[in-house]
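Q: Please pick one spot in this model and give me a close look at it. Then work outward from there, in plain language, as I'm new to this.

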Amino acid sequence: MKNRCQPLVRVQAEDFDIAAEIDRLTAGRKDVGAVVTFTGRCRDEDGKLAALELEHYPGMAEAEIGRIASEAAERWPLTGLTVIHRFGKLLPAENIVLVVAASTHRKAALEAADFLMDYLKSRAPFWKKEHPAGGDTGHWVEAKAADEEALGRWRK
Amino acid sequence: MKLVYFAWVRERIGKETETVTPPGEVETVADLLAWLKARGDGYAVALEHAEVIRVAVDHEHVDHDAKLPADGEVALFPPMTGG
């Protein structure tokens, strides 16, 4: 696709500002008709979870998200795409991941964001460890077969 | 080659990284996993179900039948749970 957008990928410990990230893809532009954001947040599992620890593979995390984002930019006519994934210890209600997809029309932005999240779950080198409330030892979250199966619907 | 481990693979093996020189007959990722598994208790526990271990060579996912690079960084980790 010509005029493919250049995705912005960040892997960071600090939080992100959703409004500022939307602004980055829309400021001064009159061709952007749709902006889709997906924010993944740490939930407390009905009070059972004290914190989530996200381990990542520095270098590969950025590279793999970059590859996934580039594929999205190739498959859909996006005007902008931003992916931010946090690592480290996160508390309930904190943000984990942000995808912002901008396009002239809504369908491309919605589908690209959905595609990104499916691939981030099973292909980006991050691992979640749950720390239960009450101070018990943390345990690694097991990958779900459903997440792997979700990739099937994007295969051409 | 440099090996790096993540999540429960790292915890069970008991180290984050190490440099190894496998014998010549270790040609594929599957060979490497089998060779490592015989190196001690931590490795045996970490790699008990070798088929679930995900592997990356120089920051790219590879299958277990992939040839190992002469040099480079090989990462072993559990299925990912990001997003």
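A: **Strand 6 of chain A and what surrounds it**

Ile84(A) stands opposite Leu98(A) in strand 6 of chain A. Before going further, note that this is a predicted model, where local features need pLDDT of at least 70 and side-chain atom pairs count only at pLDDT 80 or more, while totals for chains, interfaces and linings use all residues. Residues are numbered from 1 along each chain as its sequence is written, chains are lettered from A and ligands numbered from 1 in the order in which they are written, and side-chain values use heavy atoms, with hydrogens and water left out.

Back to our strand. Helices (H or I, at least four residues) and strands (E, at least two) are DSSP runs, numbered from the N terminus. Leu98(A) is also the bridge partner of Thr39(A). Strand 6 pairs with strand 2 of chain A over eight bridges, in the antiparallel sense, and seven bridges join strand 6 to strand 4 (residues 78–86) of chain A, again antiparallel. Two strands count as paired if DSSP finds at least two bridges between them. How many of the residues in strand 6 of chain A are buried? Nine of its nine. Buried means under 20% relative accessible area, exposed means over 50%, and partly exposed is in between (1.4 Å probe, protein chains only).

Just before strand 6 comes a loop from strand 5 of chain A, and Ala93(A) is found in that loop. Ala93(A) has a positive phi near 85 degrees even though it is a residue other than glycine. That's worth a second look, because most residues other than glycine have a negative phi. At a relative accessible area of 48%, Ala93(A) is partly exposed. Glu45(A) is another non-glycine with a positive phi, about 50 degrees. You'll find Glu45(A) in the loop between strand 2 and strand 3 of chain A, and it's partly exposed at 30%.

Strand 5 takes us to a sheet. This open sheet has four strands of chain A in the order 5-3-7-8, with antiparallel pairing. Its edge strands are strand 5 (88–90) and strand 8 (139–140), each pairing on one side only. Strand 3 (residues 49–56) and strand 5 of chain A share three bridges, and Leu52(A) has Leu90(A), in strand 5, as its bridge partner. Over in strand 8 sits Trp140(A), which counts as buried because its relative accessibility is 15%. Trp140(A) and Lys129(A) are 11 residues apart in sequence, but their C-alpha atoms are 4.2 Å apart in space.

Now a helix. Helix 3 (residues 106–123) of chain A has 18 residues, so at 1.5 Å a residue it should span 26 Å, and its end C-alpha atoms are indeed 26 Å apart. (The expected span is 1.5 Å times one less than the number of residues.) Its buried residues include Ala108(A), Ala109(A), Ala112(A), Phe115(A), Leu116(A) and Tyr119(A). When you look at a list like that, remember that an α-helix has 3.6 residues a turn, so residues three or four places apart point the same way.

Helix 3 also helps to line pockets. On a 1 Å grid over the protein atoms alone, a pocket is an open set of points where a 1.4 Å probe fits, with protein on both sides within 12 Å along at least five of seven lines; lining residues have an atom within 4 Å of a point. Grid points are joined across faces, edges and corners, and a volume is the space filled by probe spheres set on the points. The largest pocket holds about 470 Å³. It has 27 lining residues, and the closest to its centre are Arg43(A), Lys121(A), Lys128(A), Lys144(A) and Gly82(B). Among the elements giving it two or more residues are strand 2, strand 3 and helix 3 of chain A. By class, the lining has 11 nonpolar, five polar and 11 charged residues. Here Ala, Val, Leu, Ile, Met, Phe, Trp, Tyr, Cys and Pro count as nonpolar, Asp, Glu, Lys and Arg as charged, and the others, Gly among them, as polar.

The second largest pocket holds about 170 Å³. Its lining includes Ser122(A) and Arg123(A), along with Glu51(B), Ile53(B) and His61(B).
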